[in-house]
Amino acid sequence: MTACATEPTADRHDDWSDPAGCVITRDGSYAARLARSGDSWFPERWTLDGPEPYAVPLPGNQPEEPGTEVQPLSDGRVLIRRFADGRHAFSLLYPTGPGTGELPLGAVESGGEESRLRLLPPAPGGDRVYALDVGPRATTLWLVAGGAFGPERLAEIPGRCSGGVWLDRTGRMLALDRETGGRTKAVVVDLGLGGEVSPLLQIAADSDDRLLLADPDSGLLLISSDAPCPGEGGRLGWGVMGSTLPVRFPECLRAPGACAISPFAIQPGQVLTPESCGVGLRIGGPEGSWIGVWRPADRRVRHLPAPEGWLPGAGLWTADGVLRLPYATEEVPCGVAQWAVPREAPGTGDTSPEDPVPDGAAHACAEPSEPDPPEPAASRPVPLQQAPLAGRMANE
């Protein structure tokens, strides 16, 4: 069987030339995307928490460039990042009757041709937006919306960072995939300790280990690593924050042909039961893209046709197991398809012995730390290979 390549999260974010898809707030109330009218692009906000989804266009004084990034906030405003004259300018957009209101937030100077700045995925709470400025030898973490005085420089991290996964519900623990010395390892940036960096994934010394998704309720982690098959490319695996069980790489997450698998959503609310969490997979090959649905307890991936006009890689789970997929067509310019995905029958769990990494098996564990009061208690993840303890991320 030929392995499907696992598509790292960073690849989707770094492809600025592709404005398809949309960004959804963590609570699922709003989405934002760059929509197209003829040859022109403009921001569009979707409201998703009402009886029916609806879109509000937020055009500016001139069309946007195709690489412009947008991200919704929990209050319905939309952050936009524009690049011009060597500067990344940030503004908040909001509807004002027939027009669009705009609140400038400030700008960040470009670091040059070798530097790239992009927005991180929506943070917990929905009132802050973060960005990474990736340079040739170091990466700068910025708070670009939600601060007191415009963009704020929070930390400088040695190495080139990509990805971006929030590990808790307070917006304190951020996982990044850091490339140093020719290897990529996931690390944790603790915003409560001034951007202190510590290791997270260390499956093997010479492996590339990335964190693709995480769910703070259950502790489920979706991982890409070449540790099981060096030289083959990243295999998709899973682990649990706070568990002493090894990271597993199920055979059912390998697919034949020249295709790519990218997880895009995890079912929330499954406290202490990571094996029951639904995971949404974008599967793409020569014949197009479709949806895969998988749970760690299942032996197989369920394949579903993507709705016509699906905004690729966009979607979210509800706590009761409904997968919601935004789509846009000429007939339905703002729609959400819903799949109620049932659980597998008891006794069909994926417990085959060949799935764990045979050598250098990793463990997903967290070690408690003392946050500064009055913040809620958080946990500091430690290298998965080296963690003997069975702590757990606090469930806020």
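**Glu 64, a pocket and two positive phi angles**

Good morning. I begin with Glu 64, a residue that is buried, since its relative accessible area is 8% and the cut-off for burial is under 20%. The model I am presenting is a predicted one.

Where does Glu 64 lie? Glu 64 is found in the loop that runs between β5 (54-57) and β6 (69-72). Its side chain is joined to the side chain of Arg 82 by a polar contact of 2.9 Å. Leaving aside residues up to four places away in sequence, Glu 64 touches Leu 34, Trp 41, Phe 42, Pro 43, Ile 80 and, again, Arg 82.

Arg 82 leads me to the second largest pocket, whose volume is about 510 Å³. Twenty-five residues line this pocket, and those closest to its centre are Glu 65, Thr 68, Arg 82, Phe 83 and Ala 84. Which elements give two or more residues to the lining? They are β7 (78-84), β8 (87-96) and β10 (116-119). Sorted by class, the lining of the second largest pocket holds 10 polar, nine charged and six nonpolar residues.

I turn next to the backbone. Asp 85 is placed in the loop between β7 and β8. Although Asp 85 is not a glycine, its phi is positive, at about 55 degrees. Is Asp 85 buried or exposed? Asp 85 is exposed, because its relative accessible area is 77% and the threshold for that class is over 50%.

A second residue of this kind is Leu 272, which is likewise not a glycine and has a positive phi of about 65 degrees. The loop that holds Leu 272 connects β22 (260-266) with β23 (279-285). With a relative accessible area of 53%, Leu 272 is also classed as exposed.

Finally, I place these details in the setting of the whole chain. The chain has 396 residues, and buried residues make up 54% of them. How many helices and strands are there in the chain? There are 31 strands and one helix. Among contacts in the chain with a separation of 6 or more, 47% are between residues 24 or more positions apart. The chain exposes about 17,200 Å², of which carbon and sulfur atoms supply 51%.

To close, I return to Arg 82: this residue shares a polar contact with the side chain of Glu 64, and Arg 82 is also among the residues closest to the centre of the second largest pocket. Thank you for your attention.

How values were computed
Residues numbered from 1 in each chain as written. Predicted model: local features only at pLDDT ≥ 70, side-chain atom pairs only at ≥ 80, totals over all residues. Heavy atoms only, no water. Helix = DSSP H or I, 4+ residues; strand = E, 2+ residues; numbered from the N terminus. Buried < 20%, exposed > 50% of the residue type's maximum accessible area, 1.4 Å probe, protein only. Polar contact = N/O pair within 3.5 Å; in protein donor to acceptor, adjacent residues only side chain to side chain. Contact = heavy atoms within 4.5 Å. Areas by Shrake-Rupley, 256 points an atom, 1.4 Å probe, with all protein chains shown as cover. 1 Å grid on protein atoms, 1.4 Å probe; cavity = no way out; pocket = protein on both sides within 12 Å on 5 of 7 lines; lining within 4 Å. Points joined across faces, edges and corners; volume = space filled by probe spheres on them. Nonpolar A, V, L, I, M, F, W, Y, C, P; charged D, E, K, R; others polar.
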